[in-house]
Amino acid sequence: MLEDLLIRPLEPWDTDEAAAVWWAARHADGSQLPPAIHTEANVRAWFGNVLLPDGQTWVAVDDGRIVAVLTLDGDDLDQLYVEPSVAGQGIGSTLVDLAKDLRPGGLALWTFQTNTRAQAFYSRHGFTEVRRTDGQANEEKAPDVRMVWGAHPERLESTV
C-alpha cells in the first residue's frame, strides 16, 4: 500500500471524506479513545470551516480514497487518524515522518491516557512523555498525556 500512497494538503472537496476517516478511527471497535463529544455533522463542519482554511492538514490517499489525516497546529501534532481497515500498515508512521520534516525544531502532542497504543506508537517514533493531566483542559475531560519530539521547548522545560 505505501508504494501507491499519495500525501497532499487537504482540499475543499476532501473535507467530508477526511472527517469520515477521523470519525471511523475515533469509533472503531477496540478504540482506546473516549467517544467524540461532537456529532458527525459537527466534525464535518469543523474540517471544512476550521481545518481547511488553516492550511495545516494533510491527507493520505490510496487508490483514490482518503485513508488517513494529519493536522499540525503550529508545532503541535494536533490530529493523526488512520482509517481502521488500513491501520498498522505504516501510513501513520509516514505521516509522523512528514510532520517531523515540516517541524524539524520539534513537535508536541496530546494523547489520552487510555490510548496506550498511541503512546507506544509515538514512543517508537522518538516522542517522550513530559507530563500527564487530569484532562480538565480538554473537551472530553479525559486524562491525557503530553509527549514531545526533538528540541521542542516543552522537552527542555521538563528537564529543568
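Which residues does Gly 150 touch, not counting residues up to four places away in sequence? In this predicted model, the residues touched by Gly 150 beyond that window are Gly 106 and Arg 155. Gly 150 itself is found in the loop that runs between strand 7 and helix 5, the latter spanning residues 153-158. With a relative accessible area of 27%, Gly 150 is partly exposed, because this value lies between the 20% limit for buried residues and the 50% limit for exposed ones. Across the chain, Gly 150 and Lys 100 are separated by 50 residues in sequence, while their C-alpha atoms are 8.6 Å apart in space.

The region that contains this loop residue can be set against the database record. An unreviewed UniProt entry carries the annotation "domain: N-acetyltransferase" for residues 5-152. In the model, the span of residues 5-152 is 32% helix and 30% strand, and its end C-alpha atoms lie 29 Å apart.

Within the helical part, the packing of helix 1 (residues 15-26) with helix 2 (residues 40-54) was examined. Two packed helices are described by the angle between their axes and the distance between the axes. For helix 1 and helix 2, the axes come within 9 Å and cross at roughly 125°, which makes helix 1 oblique to helix 2. The crossing in which helix 1 passes helix 2 is right-handed. On the side of helix 1, the contact is made by Thr 15, Asp 16, Ala 18, Ala 19, Trp 22 and Trp 23, whereas helix 2 contributes Glu 40, Val 43, Arg 44, Trp 46, Phe 47, Gly 48 and Leu 52. By residue class, the contact of helix 1 with helix 2 comprises 8 nonpolar, 2 polar and 3 charged residues.

Trp 23, placed in helix 1, illustrates this contact at the level of a single residue. When neighbours within four places in sequence are left aside, Trp 23 is in contact with Glu 40 and Val 43, and also with Ala 36, His 38 and Thr 39. The C-alpha atom of Trp 23 is separated by 22 Å from that of Arg 146, a residue 123 positions away along the chain.

Among the strands, Gln 79 lies in strand 4 (residues 76-82) and counts as buried because its relative accessibility is 10%, under the 20% limit. Its contacts, with neighbours within four places in sequence left aside, are Trp 22, Trp 46, Val 69, Leu 70 and Thr 71; of these, Trp 22 belongs to helix 1 and Trp 46 to helix 2 in the helix contact described above. Gln 79 and Leu 109 are 30 residues apart in sequence, with a C-alpha to C-alpha distance of 8.6 Å.

Thr 111 lies in strand 5 (residues 107-112) and, at 6% relative accessibility, likewise counts as buried. Not counting residues up to four places away in sequence, Thr 111 touches Ala 118, Gln 119, Asp 144, Val 145 and Met 147. Ala 118, one of the residues touched by Thr 111, lies in helix 4 (residues 116-124) and is also buried, with a relative accessible area of 13%. The C-alpha atoms of Ala 118 and Thr 15 are separated by 24 Å, the two residues being 103 positions apart along the chain.

Two loop residues were considered for their backbone conformation. Most residues other than glycine have a negative phi, and most peptide bonds are trans. Asp 63, in the loop between strand 2 (57-62) and strand 3 (65-73), has a positive phi near 55°. At 75% relative accessibility, Asp 63 counts as exposed, the limit for this class being over 50%. Lys 141 is found in the loop between strand 6 (128-133) and strand 7 (144-149), and its phi is positive as well, near 60°. Lys 141 is partly exposed, with a relative accessible area of 46%.

Terms used
Residues numbered from 1 in each chain as written. Predicted model: local features only at pLDDT ≥ 70, side-chain atom pairs only at ≥ 80, totals over all residues. Heavy atoms only, no water. Helix = DSSP H or I, 4+ residues; strand = E, 2+ residues; numbered from the N terminus. Buried < 20%, exposed > 50% of the residue type's maximum accessible area, 1.4 Å probe, protein only. Contact = heavy atoms within 4.5 Å. UniProt positions renumbered as here; feature names shortened; annotations may be inferred. Axes fitted to C-alpha atoms, helices over the stretch in contact; angles between N-to-C directions. Parallel < 35°, antiparallel > 145°, perpendicular 65-115°, else oblique. Left-handed = near helix turned anticlockwise from the far one by under 90°. Nonpolar A, V, L, I, M, F, W, Y, C, P; charged D, E, K, R; others polar.
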